[in-house]
Every structure is written in structure tokens, then in C-alpha cells.
Amino acid sequence: ADGISINEKGDLVFSTSIGDRSQCKLFAYQEINGEKKQVECSFKIEGKDVVSFNLGEYNKNLPLIIDPLIYATYLGGNNFDAAYSCNVNDGFLYIAGGTMSPDFPVTPGAYKTTIGASMECYITKMDYSGTDLVFSTFLGASSYDMSYGIDFDSDGNIYTAGYVQSTDFPTTPGVFDTDNSGSMDAFITKFDPECTELIYSTYFG
């Protein structure tokens, strides 16, 4: 890594020649009387390339678990599936990427429930336990489309961006650009909090 920093979310960020990579902020707890008691824990940078922890008060007579594996799960269908971005809000996990699977898991009432091309974007929200999908939708058109980023605002609206080859990628009236200007363009899309409709969607390039 070319550098190490801590962002405003408490994530540890590694700067490299091909972009930033991050380790999500820490979670620590102790088992006390059969219940998990969370312990304040955060990254601390010491010197150029040494990382340690800041810890709040805890019982030194009991084990302290730092950043345990809470859950691990597959997400996909019967073909190629890739996750390129994830973000967390109020314990819910938002995931964006690309899929070639016609049977990629989508939810009833989502914006788009059938795949229309060899590769489409997907947007998925998973519950805090990693057991259920809150929503999951395709996003794309007739060609090769991929989402590489996901974020949200204080109202819960969802933003995703990536690149598309589709000339019929969904756009909304009055946006910056409604036409694919070349063989591949960027796109920026904003969804409502339930991911059922587009607030806006534009090409960029």
C-alpha cells in the first residue's frame, strides 16, 4: 500500500496504485451472563505502516472478541456473478455488481425482475443477519452493463454507478445525457429507498 488512513466511517483505507481498498470499521464484544455486550473499538494508526486498536472499557477477566465473522453467504445464480461494491446503513448491507444468471435472486415488486442481456447490473439489500433479502433487482438493458459503486443519502435513496454498453439503458427525462455516446459509457442512477422506481438515471460520457 502507498498509504493508510481512517475515513469518517471508521473504516481502514489502504491507498494503492489501482485505487483505494478498505477494511470495514471494527466490531468488538464480550459474552456476559449469556448476552453480547458491545465494546467500543476502533482502528489506530501508529507510524507509517502499523495499525492497532483503540478499546473502550471492558472486563479484562473475560475474553474479548474483536471483529468476528458474523455471517458469510453466497449471492448469485447458475452463471457468473460478481459483487464490486457494498455499503452498510443501519446494519443493512447494500451490494452492487454484475450478473449473467437469469435465476439471480430478485424480490417481488423490485424495479426489474428478469435479466435482459448477457450481463446486467444488480442492486441487493440484505438484512442485518445475512439471512433474508430486503430487496434485489436487475438494472440494465440489451447489452453488457455493470455496477461498480453503491451509496445512499439520509432519506434512504440509493445511488449506483458503473459502465454500460447498452444503447437502451434506462434513463429518465431531463437528465444530463439520455444517449450512449460511444461503445461504452458510464451511468449514474438514483433509486427510491425500496428500489422499485428510478428517481433519475443518466449516461455520462
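Q: Where in the predicted model is threonine 107 found?
A: This is a predicted model. Strands 10 and 11 are joined by a loop, and threonine 107 belongs to that connection. Its place is the loop between strand 10 and strand 11.

Q: Is threonine 107 buried or exposed?
A: The relative accessible area of threonine 107 is 14%. Buried means under 20%. Threonine 107 is therefore buried.

Q: Which residues is threonine 107 in contact with, leaving aside neighbours within four places in sequence?
A: Contact here means heavy atoms within 4.5 Å. With the sequence neighbours within four places set aside, five names remain for threonine 107. They are Thr113, Leu133, Val134, Phe135 and Ser136.

Q: In what order do the four strands of the open sheet stand?
A: The pairing in this four-strand sheet is antiparallel. Strand 9 (81-89) and strand 12 (133-139) each have a single partner strand, so they stand at the edges. From one strand to the next, the twist averages 15°. The order is 9-10-11-12.

Q: How many bridges pair strand 11 with strand 12?
A: Strand 11 covers residues 120-126. It pairs with strand 12 in the antiparallel sense. One bridge sets threonine 124 against serine 136 of strand 12. The number of bridges between the two strands is six.

Q: Why is the pair of phenylalanine 104 and tyrosine 122 called tilted, and what is the angle between the planes?
A: The structure holds 13 aromatic pairs. In the pair of phenylalanine 104 and tyrosine 122, the ring centres are 4.4 Å apart. Planes under 30 degrees apart would count as stacked and over 60 as edge-to-face. This pair falls in neither class, so it is tilted, with its planes at 35°.

Q: How many residues apart are phenylalanine 104 and tyrosine 122?
A: Phenylalanine 104 sits in the loop between strand 10 (92-99) and strand 11, while tyrosine 122 is in strand 11 itself. The pair links distant parts of the chain. The two residues are 18 residues apart.

Q: What is the relative accessibility of phenylalanine 104?
A: Buried means under 20% relative accessible area. Phenylalanine 104 counts as buried. Tyrosine 122 is buried too, with a relative accessible area of 2%. For phenylalanine 104 the value is 2%.

Q: How far apart are the ring centres of phenylalanine 104 and phenylalanine 138?
A: Both residues are buried. Their planes stand at 55°, so the pair is tilted. Phenylalanine 138 lies in strand 12, 34 residues from phenylalanine 104. The ring centres are 6.2 Å apart.

Q: Which residues form one aromatic cluster?
A: Rings pair if their centres lie within 6.5 Å. A cluster of tyrosines appears in this model. Its members are Tyr84, Tyr144, Tyr148 and Tyr163.

Q: Which lysine sits with its charged end over the ring of tyrosine 29?
A: A charge sits over a ring if NZ of Lys is within 6 Å of the ring centre and within 35 degrees of the ring normal. Lysine 60 lies over the face of tyrosine 58, at 4.7 Å from the ring centre. Over tyrosine 29 the distance to the ring centre is 4.8 Å, and the residue is lysine 36.

Q: How many of the seven residues of strand 15 are buried?
A: Strand 15 joins strand 14 (residues 158-164) through seven antiparallel bridges. Tyrosine 163 has alanine 186 of strand 15 as its bridge partner. Strand 15 is mostly covered, and its count of buried residues is five.

Q: Which residue takes a positive phi in the hairpin of strand 15 and strand 16?
A: Strand 15 (residues 185-191) and strand 16 (residues 198-204) pair antiparallel over six bridges. Phenylalanine 191 bridges to leucine 198, and lysine 190 stands opposite tyrosine 200. Six residues lie between the strands. The residue with a phi near 60° is cysteine 195.

Q: Which residue in strand 3 is the bridge partner of threonine 16?
A: Three antiparallel strands form an open sheet in the order 1-2-3. Its edge strands are strand 1 (3-6) and strand 3 (19-23). Strand 2 (residues 12-16) and strand 3 pair over five bridges. The partner of threonine 16 is glycine 19.

Terms used
Residues are numbered from 1 along each chain as its sequence is written. This is a predicted model: local features need pLDDT of at least 70, side-chain atom pairs count only at pLDDT 80 or more; totals for chains, interfaces and linings use all residues. Side-chain values use heavy atoms; hydrogens and water are left out. Two strands pair if DSSP finds at least two bridges between them. Axes are lines fitted to C-alpha atoms, for helices over the stretch in contact, and angles run from 0 to 180 degrees between N-to-C directions. Rings of Phe, Tyr and Trp (its six-membered ring) pair if their centres lie within 6.5 Å; planes under 30 degrees apart count as stacked, over 60 as edge-to-face and the rest as tilted. Buried means under 20% relative accessible area, exposed over 50%, partly exposed in between (1.4 Å probe, protein chains only).
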